[in-house]
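Student: I am new to this structure. Please take me through the surroundings of the first ligand, and then move outward from there.

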Amino acid sequence: MTTYDLIAVGRACIDLNAVEYNRPMEETETFSKYVGGSPANIAIGASKLGLSCGFIGKIPDDQHGRFISNYMSEVGIDTSNLVVDTEGHKAGLAFTEILSPSECSILMYRDDVADLYLEPNEVSEGYIKQAKMLVVSGTGLAQSPSREAVLKSVALARKNNVKVVFELDYRPYTWKNAEEVSVYYSIVAEQSDVVIGTRDEFNMLENVVEGNNDKTVAYLFQHEPELIVIKHGVEGSYAYTKEGDTFRGKAYKSNVLKTFGAGDSYAAAFLYALTKGKTIQEALQYGSASAAIVVSKHSSSEAMPTVEQIEALMEEQSN
Ligand SMILES: Nc1ncnc2c1ncn2[C@@H]1O[C@H](COP(=O)(O)OP(=O)(O)OP(=O)(O)O)[C@@H](O)[C@H]1O
Ligand SMILES: O=C(O)C[C@@H](O)[C@H](O)C(=O)CO
């Protein structure tokens, strides 16, 4: 018996999104606070879509930590394995700059962040075995002890027949160099059932400047993965199966406010659709429609849509 459709492991942080957008951050005076961090956003998105979700991570023992934990509980995520740090580590902060709908950047404050101090002994087999899938974010591999905690969670998932979904989620901060990224990304990707990332992120995994999708899938299908999703921004995304099928997901039209949040909302809705037994082609549409909604809104987490909103957009743009 599984209790959770999905348990995500990794960072739960704070996003501070510029309220006065279409201008440089130097001229921004007001920021809105949201829960952020890619794996937290995915769990929030999936929970808002009605999946039962849990989370493994570490938050600070302060106002930010309590804000994160309260918000995640409010949207229905089980936070019993969201460990409270006792050593004074802080929450990661992501200040977002929205220069224009297509030129966005994120200014990260991630020195000594609590999420990277998750210890292997804080990852419980009893918890992981209650899930259908474990969603692992690449950033959790950037530094010890979180690195070992994530590797342990993958090993426990595999031992208990829990599907491993690896969201590459490459962020340059905290990694030392490209070799290191490639080493740890390969270890986890080769053991995962599903790997999701952008073309650039797969280049980091393979440690190549310009890879191509055929080579990527030929490499990964020699190992555990059964399904690989490669995203190409507004040009859409491709899903490849080990049986040799390829599916293309087109991006939906959107009144874009900012670009970030696309990947997390895409993953949440894609995984929701697969969990509900939709086809891979349909799952690509759910993911793309969810992303189109989130890029038209101000936040990544709070903006995660409902199933009805996703299906309405799919219907509206069905031709
Ligand atoms: N401007 C856009 N308009 C509509 N849909 C978009 C847009 N940008 C991205 N998407 C959708 O979101 C999906 C994922 O986007 P992308 O490939 O940029 O991922 P990502 O880089 O992980 O996102 P993020 O910016 O959150 O890190 C795309 O395949 C597409 O369907
Ligand atoms: O993942 C992060 O740490 C920042 C996110 O919360 C932010 O909203 C984003 O970049 C989403 O893609």
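Tutor: Start with ligand 1. It has 17 residues around it, and the nearest are Lys231, Gly233, Gly261, Ala262 and Gly263. Keep in mind that this is a predicted model.

Take the polar contacts in turn. Lys231 uses its side chain: a polar atom there lies 2.8 Å from an oxygen atom of ligand 1. Ala262 uses its backbone. One of its backbone N or O atoms lies 3.1 Å from an oxygen atom of the ligand. Gly263 also takes part through its backbone, with a polar atom 2.9 Å from an oxygen atom of ligand 1.

Now turn to ligand 2. Here 13 residues lie around the ligand, and Arg11, Asp15, Gly37, Ser38 and Ser300 come nearest. Gly261, listed among the nearest residues to ligand 1, has a polar backbone atom 3.0 Å from an oxygen atom of ligand 2. Ser38 offers a backbone N or O atom, 2.9 Å from an oxygen atom of ligand 2. Ser300 works through its side chain. A polar atom there lies 2.7 Å from an oxygen atom of ligand 2.

Two of these residues lead into helices. Ser38 belongs to H1, which covers residues 38-48. Ala262 belongs to H8, which covers residues 262-275. How do H1 and H8 pack, and at what angle? Their axes are 8 Å apart, and the angle is about 45°. The two helices are therefore oblique to each other. The crossing of H1 past H8 is right-handed.

Look at the residues that touch. From H1 come Ser38, Asn41, Ile42, Gly45 and Ala46. From H8 come Asp264, Ala267 and Ala268. Sorted by class, this contact has 4 nonpolar, 3 polar and 1 charged residues. So Ser38 has two roles here: a backbone contact with ligand 2, and a place in the contact of H1 with H8.

H8 has another partner, H9. The axes of H8 and H9 come within 7 Å and cross at roughly 145°. This crossing is right-handed. On the H8 side, the contact includes Ala262, Tyr266, Phe270 and Leu274. On the H9 side, it includes Ile280, Leu284, Tyr286 and Val294. The residues divide into 13 nonpolar, 4 polar and no charged. Note Ala262 again. It meets H9, and its backbone reaches ligand 1.

Follow H9 onward to H10. H9 spans residues 280-294, and H10 spans residues 307-316. Their axes come within 9 Å and cross at roughly 100°. That makes H9 roughly perpendicular to H10. H9 supplies Gln285, Tyr286, Ala289, Ser290, Ala292 and Ile293 to the contact. H10 supplies Gln309, Ile310, Glu311, Leu313 and Met314. By class, there are 7 nonpolar, 3 polar and 1 charged residues. Tyr286 appears in the contact with H10 and in the contact with H8.

Finish with two backbone details. Most residues other than glycine have a negative phi, and most peptide bonds are trans. Ser144 and Pro145 are joined by a cis peptide bond, with omega about 5°. Pro145 sits in the loop between strand S8 (131-137) and helix H4 (146-159). Asn22 has a positive phi, near 65°. Its place is the loop between strand S2 (13-18) and strand S3 (31-36).

How values were computed
Residues numbered from 1 in each chain as written. Chains lettered and ligands numbered in written order. Predicted model: local features only at pLDDT ≥ 70, side-chain atom pairs only at ≥ 80, totals over all residues. Heavy atoms only, no water. Axes fitted to C-alpha atoms, helices over the stretch in contact; angles between N-to-C directions. Helix = DSSP H or I, 4+ residues; strand = E, 2+ residues; numbered from the N terminus. Parallel < 35°, antiparallel > 145°, perpendicular 65-115°, else oblique. Left-handed = near helix turned anticlockwise from the far one by under 90°. Contact = heavy atoms within 4.5 Å. Nonpolar A, V, L, I, M, F, W, Y, C, P; charged D, E, K, R; others polar. Near = heavy atom within 4 Å. Polar contact = N/O pair within 3.5 Å; in protein donor to acceptor, adjacent residues only side chain to side chain.
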